[in-house]
Amino acid sequence: MPVNKKYYILTFGCQMNNRDSEIMAGLLEQEGYTQASAPEESDLVVLNTCSVRHSAENKVFGKLGDLQQLKQRHPELLIALGGCMAHVPESVQRVRPQTDIIFGTSSIKDLPRLVREAASREHKRPIIDVNTRPVVIGSELPSRRGSAVTAFVNIMYGCDNFCSYCIVPYTRGRERSRAVHDIIRELCELAEQGIKEVTLLGQNVNSYGRGLPEDIDFAELLHRAAAVDGLERIRFTTSHPRDVSERLIAALAQEPKVCEHIHVAMQAGSNKVLKRMNRRYTREYYLELIERMRAAVPGLAVSTDIIVGFPGETDTDFQDTLDMVEKIRFDSAFTFLFSPRSGTRAAAMQGQLPREVKQQRLLELNRVQYGIAAQKNKALEGKILQVLVEGTSKSDSAMLSGRSRSNHIVIFSGGKELTGRLINVRITEAKTFSIFGQAQL
Ligand code: SAM
Ligand code: SF4
Ligand code: F3S
């Protein structure tokens with residue numbers, strides 16, 4: 001067991017990676033490593049990477065450059081690159097000379113062994129362990145959770161949807177669900193540790209249960225999760241519009257612990273573009289789905305992802321997206337420039353658009369969506385929202401922050417002892433990106 005060795009993990013990308021980093025941290029601590037407060041103080045730096053867009057990979061290339069300088073001063077420093085980039089051959093070629101270990105999303109539990117091998121210096125650098133074995137990580141692995149109040153819980157891994165722009169099915173492998181008893185065991189342990197809110201994670205949570213021996217679907221999993229004593233709130237992400245079932249909508253409406261928020265990616269508002277994206281729904285279907293969910297679940301907040309500048313997207317197609325955004329009035333939206341990912345179908349499609357056109361469309365979309373979010377947030381002023389206090393605010397350490405059931409982040413003043421409590425907060429000022437309130441104690 002190494003003595004006095006320190007690690008530092010830098011996480012890029014989505015909640016899946018955040019959760020994986022917690023497990024990597026747990027595994028390294030089991031090996032005797034302790035967490036460093038900066039890469040400069042570390043013996044091992046792990047980059048848990050994302051390849052969903054070119055910009056995500058660029059951040060990692062930049063960071064690796066910084067780490068090379070550090071390594072010149074500390075030649076003993078080990079650099080490990082894990083996560084989705086490890087599954088992209090071009091990226092691996094580029095990072096090889098700068099890394100000691102490259103490990104894929106299915107090799108997380110092997111990290112301690114790979115670190116030992118790299119530290120022993122008997123192996124040629126980098127040591128590469130990348131495969132897409134259909135690994136399901138159960139609750140047997142240790143983890144160092146990032147919060148004492150909220151927790152992410154994987155319910156499934158991988159994705160079989162193959163949207164034509166998306167690299168995730170190649171980096172995370174085929175879709176597989178975790179056994180229900182294992183998930184519920186983890187939820188019970190979290191509740192015992194004092195966790196109040198869990199977010200169930202998967203690329204397409206609505207297809208949970210497919211391929212499992214037991215007869216279970218996502219709605220049933222929500223009911224079972226809601227029965228775990230001690231948990232106060234249940235969230236989930238992300239949902240594919242095509243797989244949102246009536247049973248899921250009913251669970252959202254019926255289970256008091258399941259929060260009134262759904263993230264359901266629209267991606268585009270034009271039927272032609274949706275078809276080319278292989279999303280397998282139409283704008284009419286999506287619109288009707290949102291109406292149906294809003295009618296069944298009063299106060300439901302809806303967030304989404306939208307891509308602009310998909311190959312072949314005309315001005316008219318883009319106007320269709322704006323039209324949907326105006327009709328639906330999302331509570332929030334993550335908006336992206338289409339980024340061609342090698343190996344995906346969309347990267348090879350005719351009609352790739354110039355960067356300026358994509359950027360112009362993104363600006364226009366954001367102008368419309370931010371206006372809607374500002375109006376919707378403004379309407380919260382004077383209202384009282386139930387907030388789960390998560391701790392001090394990241395933007396102002398003198399303030400507390402927490403989330404409403406609708407997933408709005410609310411900032412307010414109060415003592416740290418409120419952390420972990422569900423309290424009522426009166427909204428005093430709501431802007432596009434920040435909402436302030438006053439605790440009603
Ligand atoms: N499984 C989730 C779903 O379908 O809702 C999405 C997961 S993906 C990691 C997050 C978002 O990144 C997608 O919803 C999409 O909007 C965006 N995205 C994926 N590939 C992209 C690409 N090549 N260019 C731009 N945005 C992309
Ligand atoms: Fe990517 Fe589509 Fe799977 Fe989401 S559903 S991860 S966008 S392939
Ligand atoms: Fe997530 Fe990025 Fe991989 S969004 S699944 S870390 S490609």
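Q: How do the residues of the shell around ligand 3 divide by class?
A: The shell around ligand 3 holds five nonpolar residues, three polar ones and one charged one. A residue is near a molecule or strand if one of its heavy atoms lies within 4 Å of it, and the shell comprises Cys14, Asn17, Cys50, Ser51, Val52, Cys84, Val168, Arg172 and Gln203. Ala, Val, Leu, Ile, Met, Phe, Trp, Tyr, Cys and Pro count as nonpolar, Asp, Glu, Lys and Arg as charged, and the others, Gly among them, as polar, so Arg172 is the charged member, while Asn17, Ser51 and Gln203 are polar. The model is predicted, and local features need pLDDT of at least 70 and side-chain atom pairs pLDDT 80 or more, whereas totals for chains, interfaces and linings use all residues. Residues are numbered from 1 along each chain as its sequence is written, chains are lettered from A and ligands numbered from 1 in the order in which they are written, and side-chain values use heavy atoms, with hydrogens and water left out.

Q: Which residues surround ligand 2, and what makes one of the shell residues charged?
A: Ligand 2 is surrounded by Cys159, Asn161, Phe162, Cys163, Tyr165, Cys166, Val168, Pro169, Gln203, His240 and Arg279. This shell divides into seven nonpolar, three polar and one charged residue; Arg belongs to the charged class, so Arg279 fills that place.

Q: Why is the space lined by Met16 and Asp20 called a cavity?
A: On a 1 Å grid over the protein atoms alone, a cavity is a set of points where a 1.4 Å probe fits but cannot get out. A search of the whole structure finds one cavity of 30 Å³ or more; the largest cavity has a volume of about 90 Å³, a volume being the space filled by probe spheres set on points joined across faces, edges and corners. Lining residues have an atom within 4 Å of a point, and here they are Met16, Asp20, Thr105, Ser106, Ile108, Val135, Ile137, Asn154, Tyr157, Arg172 and Arg176, of which five are nonpolar, three polar and three charged.

Q: What makes β7 and β11 edge strands?
A: Two strands pair if DSSP finds at least two bridges between them, strands being DSSP runs (E, at least two residues) and helices likewise (H or I, at least four), numbered from the N terminus. The open sheet has the order β7-β10-β11, with parallel pairing. β7 (150-154) and β11 (233-237) each have a single partner strand, so one side of each lacks a neighbour in the sheet.

Q: How do you know that β7 and β10 pair?
A: β7 and β10 (residues 197-201) are joined by five bridges in the parallel sense, against the required minimum of two, and therefore they count as paired; within this pair, Ala151 stands opposite Val198. Helix α6 (residues 180-192) packs on the sheet, touching β7 and β10, where contact means heavy atoms within 4.5 Å.

Q: In what order do the five strands of the barrel close?
A: The barrel runs β15-β16-β17-β19-β18, with mixed pairing. β15 (residues 384-392) and β18 (residues 422-430) are antiparallel and share five bridges, with Gln386 opposite Asn424. β16 (residues 400-404) and β17 (residues 409-413) are also antiparallel, with four bridges, whereas β17 and β19 (residues 435-440) run parallel over four bridges, which makes the mixture explicit.

Note on methods
1 Å grid on protein atoms, 1.4 Å probe; cavity = no way out; pocket = protein on both sides within 12 Å on 5 of 7 lines; lining within 4 Å. Axes fitted to C-alpha atoms, helices over the stretch in contact; angles between N-to-C directions.
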